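I opened a new notebook page for this chain. My plan was to look at the backbone, then the core, then the chain as a whole.

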Amino acid sequence: MRSTFTTRDGSIWLPEYLTAIDGKTCIGCGRCFKVCSREVMHLHGVDDAGEILGACDGEDDDFDGELNRMIMVVDHAGRCIGCGACARVCPKNCQTHVAADQVAA
């Protein structure tokens with residue numbers, strides 16, 4: 001697998017793929033989701049005990065009154081192209097990215 005690439009100006013670029021989001025730090029602001037063109041992550045509801053209730057469908061879903069807060073969850077990691085846009089907009093720095101040369105083929 002090729003792990004480094006060349007940009008149009010000839011500089012070397014190494015993709016860094018999103019692999020996880022820390023649910024304890026994430027505030028569910030949605031900034032990363034808005035800049036991601038690949039739908040790698042989605043908002044999920046969390047209850048008072050910190051258990052993930054499921055994906056939020058965009059409607060006023062309160063999971064039968066169990067919803068405490070929302071967080072982003074990486075649910076399609078294979079779609080990530082390693083552009084890093086999500087990391088640049090995250091106000092809490094709660095994402096884990098892995099360089100392409102460190103990802104098992």
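I started in the loop between β5 (52-55) and β6, where Phe-63 is found. The model is a predicted one, and I kept that in mind throughout. I looked up phi for Phe-63 and got a positive value near 50 degrees, in a residue other than glycine. Next I checked its cover. Phe-63 has a relative accessible area of 17%. The cut-off for buried is under 20%, so Phe-63 counts as buried.

I then went to a second loop, the one between α1 (31-35) and β4. Glu-39 lies there. Its phi is also positive, about 55 degrees, and Glu-39 is not a glycine. Is Glu-39 buried, exposed or partly exposed? I read 44% relative accessibility, and so I noted Glu-39 as partly exposed.

Core next. I pulled up the largest nonpolar core and found 17 residues in it. Which of them touch the most other members? I listed Leu-18, Ile-21, Cys-26, Val-40, Met-41 and Met-72. Then I asked which elements give two or more residues to this core. They are β3 (16-21), β4 (41-46) and β6 (69-74). β6 gives the most, with four residues.

I picked Leu-18 for a closer look. I left aside its neighbours within four places in sequence. Its remaining contacts include Val-40 and Met-41, both of which are also on my list of core residues that touch the most other members. Leu-18 is in contact with Val-74, Ala-77, Cys-80 and Cys-86 as well. Gln-95, Thr-96 and His-97 complete the set.

Then the whole chain. I counted up the secondary structure as two helices and seven strands. Along the sequence I read the pattern β-β-β-α-β-β-β-α-β. I took contacts with a separation of 6 or more and asked what share comes from residues 24 or more positions apart. That share is 64%.

I noted the overall dimensions too. The C-alpha atoms fill a box of roughly 55 × 25 × 20 Å along the principal axes. The chain has 105 residues, and 30% of them count as buried.

Surface and charge came last. The chain exposes about 6,900 Å². Carbon and sulfur atoms supply 47% of that area. For charges, I have 10 positive and 16 negative. How far apart are their mean positions? I wrote down 14 Å.

Conventions: Residues numbered from 1 in each chain as written. Predicted model: local features only at pLDDT ≥ 70, side-chain atom pairs only at ≥ 80, totals over all residues. Heavy atoms only, no water. Core = buried A, V, L, I, M, F, W, Y, C linked by side-chain atoms within 4.5 Å. Buried < 20%, exposed > 50% of the residue type's maximum accessible area, 1.4 Å probe, protein only. Contact = heavy atoms within 4.5 Å. Areas by Shrake-Rupley, 256 points an atom, 1.4 Å probe, with all protein chains shown as cover. Lys, Arg positive; Asp, Glu negative; His and termini not counted. Charge placed at Lys NZ, Arg CZ, Asp CG, Glu CD.
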